[in-house]
Structure formats: structure tokens, C-alpha cells
Amino acid sequence: MTTDRTRGLRLLAGALGLVALMTLVAPDLDVPPRQWVDLTVGEQGTIRDIAVTVTSVETSASLTVRDTELTSTGVFVVVDVVADALVDPVSFQRVQLETRDADRYEPRSEWISAQPPLTQPGFTSRGTWIFEVPYGGARGAHLLVESEPREFDGYDRGLRVDLGLDGSPPKPGALEPRDASTWVTR
Amino acid sequence: MTGTSRVAGPLRRLPPVLWVLAVAVVAAGLVSALGGFAPASDRGRSVAPGDQILTQRWRLHIDDAALVDDSPPNADPDPAIRVRVRTEFTGTKTLCCLSERMLEVRFGGQVVTRTRTADEDVRSTLGYDPGVLVARVLEFPLESDALPDPLPDRVEVIVRDERPSRSLILDDWRVTHAVAGVDLPCADDRARR
């Protein structure tokens, strides 16, 4: 009886130890593994749900929001895109800018009306994602676009667009982002 | 080995009471160095308005504060402490929000940790980007029927640190002890609205 209990306790301790070890060594699942399709500005890339083209990229020290000029202590990166929804509705939830230091930035929500909206299959949206990065952080940055999140998320492809930014000083004056628009895919 | 024995020999002959005294002196020194037996401060070190406060993943500046009320005329009062801060997130990925309870306002007996968007701020309260210093306006709503009379002319903003909290399901950050307290003048700006 004692031997059975001892064996059971050892098994339990072993299982708990294994769980602790897996917790320590498991990768960060916030960032699912991706196989990246590398693109440049003007090239169209296709992943599961969408075909995306970055049409232009600008940097600016200030932008207007609600008729107010907002100046950054860093730099705004303004990325214009055109995206076709192919199979399912697309809400562009997984869009980030990655710097050379591998820091990741999400689009600023102050300009949410400029961002590509929820787009149904068969439609195309034009919009602008605006990122704010530290001064000097824009040089060599990439735009990352991933498929829509699903119940089980794992290995998948993503689009990685070289924004072609060389660290030139940002454009003077305040840019005014346009609202997004949607039309039937031609 | 021989040298050690030579040193240890005379020490070994010391009376036990001296050993006890020596251990007590060392322990008292350690306790003193760690802050003594006084209760731990619940406000952290005092920091002047505008000075940098460094935590595990933030650089913060608490710049100024005022009592405001944005409620429309004839509506119920909706007082709040408006705090102007500058934030810089030192992590590596844009963070959605400030941790609840990381900032705490103490005003006339009320302790407020909940924040809301200030109407005047064009900045979103969502999205804290790595390495970008941003000026923001935060509002801490007060209980309107519990405002002290007379109104205090100062407010205290407490900044708490965070530590990583890792579990099987979710990796997160947990708010911990106070690292800094900023004592600010607090003008009554309600009449100016």
C-alpha cells in the first residue's frame, strides 16, 4: 500500500515537473510561426483570405486628427494599401509594422476611419494604416500582414512588405489621411 | 588549510555570548540597510512633477493635475481629476492599455485607479508604442457626492510597478508595489468649462 502511494506521489511529482518544464520552454504563442512572403511597395501578395498591395509609403512628423494637428516625438509611417477580400470577410486584425530591431507596432487607432474596413469577399478596399515609431525607427521597417485569426491558429503564411524607408527626414507639414473606401473588385 | 586553522583557532575560543552578539549586530545592520522595521511606504519615493519615473516597462512623467467636470449644463455633476502624463512604453510590442491600478490618484480621502478618456485629448487611450514618448490626458472619475469641503488644493498620484506573471494559459503583468508618489497642486477648473 505504502509502495503504491509512494509510486503515485512520484508520478504526480514527475507530471508536475514536466508541466513546469514545458511552461518554461514553450514558445510565445502570441506570435504564431509564419512563413513570410517577401514583397516590395507596388507588388501584390496573396495569402489565404486576401490579396494586398502597398501602393505608397510616406513618413511625417505630424498628422491631422479631428481637425487637430498631432505632432509625434518620433515619426508617423503612413502606409496606403489596396486589398481584395478573396474567400471570407476580412477585418485586417493582424497588421503590424516591424522595425529592424524586431519591435512590433500596431496601426494607430486615432485614424481608424482611414484604415481598410471589414471587407466582404468580392470587394476591394483602399485604406491607410498609420504607425508611430521612434525617430530613426522607420529605416528598414517592414509591414506584416497575416491571415485572419481562426479557432486553431498555427503555421501559416504571412506577407512581409519592405517599405523602402531609408531614414530620410520626414515630410514637412501635416498630412491629412483620407477615409477608407470599398468597391466591387474589378 | 593550515592558515585557516590558525585563524579559526582563536575565534573558536571566543565565548558563545560574543558569537550571539556578533550575529545580532550583523542582523541589525542588515535590517537597517533594508529600511528598518518601519512599515513599508505605500507611496514609494517622492518625485517632483515632470520628473521621470522608471518602472519595469515604463518611463513616466506626471506633469500636472486639476479638478474638472465635463458634464453638460443641468446634468448631474461628473467631477474627475485630470492628470497630464507623458508615457513611454519600453517593451517590444505595442501594448493595448495601461495596467489597471498602475496609476492611483488620492484626492481628499478618495482613492481612484480607474481612468477614462478625456474629451480634450485627441490621443487614443489605446495603444502604447515601444520607445515613443506620448503626452496624454487621463481622467480619474470621482464620487461627486463625496467631494470634501473645503476642496484640497493638492492631489497625490501614486505610480506602481509591475512584474511578469507567467502561467500555463496566459503570460501577463501584475501590478505590484508603489515606486513613486507625485504631490501636485490641483486647481479647481470646473468653473472654466
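Let me start with the largest nonpolar core, a term used here for a set of buried Ala, Val, Leu, Ile, Met, Phe, Trp, Tyr and Cys residues joined through C-beta atoms within 7 Å, where buried means that 20 or more other C-beta atoms lie within 10 Å of a residue's own, those atoms being placed from the backbone. This core has 33 residues, and the members that touch the most others are A:Val77, A:Val79, A:Ile130 and A:Val133. At least two residues each come from β3 (50-65), β4 (68-85), β5 (95-98), β7 (123-133), β8 (142-146) and β9 (156-162) of chain A, strands being DSSP runs of E, at least two residues in length, numbered from the N terminus. The largest share, eight residues, is that of β4(A). Apart from this core lies another, of 30 residues, which includes B:Met102, B:Tyr128, B:Val179 and B:Cys186.

Before going on, I should say that this is a predicted model, in which local features need pLDDT of at least 70 and side-chain atom pairs count only at pLDDT 80 or more, while totals for chains, interfaces and linings use all residues. Residues are numbered from 1 along each chain as its sequence is written, and chains are lettered from A and ligands numbered from 1 in the order in which they are written.

As for pLDDT, the predictor's confidence in each residue from 0 to 100, chain A averages 91, with 94% of the residues scoring at least 70. Within chain A the mean is lowest, at 86, in strand β10 (residues 171-175), and highest, at 98, in strand β6 (residues 104-105).

Now to the strands around β4(A), where pairing requires that DSSP finds at least two bridges between two strands. β3(A) and β4(A) pair in the antiparallel sense over 14 bridges, with A:Val54 having A:Val81 as its bridge partner. The two strands form a hairpin with two residues between them, and A:Arg66 in the turn has a positive phi of about 50°. β4(A) is also joined to β7(A), antiparallel, by 10 bridges, and there A:Phe76 has A:Glu132 as its bridge partner.

Finally, what about the two chains together? Counting two residues as in contact if their C-beta atoms, placed from the backbone, lie within 7 Å, 15 residues of chain B are in contact with 18 residues of chain A. On the chain B side, these are six nonpolar, five polar and four charged residues, where Asp, Glu, Lys and Arg count as charged, Ala, Val, Leu, Ile, Met, Phe, Trp, Tyr, Cys and Pro as nonpolar, and the others, Gly among them, as polar.

Methods:
A residue is buried if 20 or more other C-beta atoms lie within 10 Å of its own, exposed if 12 or fewer, and partly exposed in between; C-beta atoms are placed from the backbone. Helices (H or I, at least four residues) and strands (E, at least two) are DSSP runs, numbered from the N terminus.
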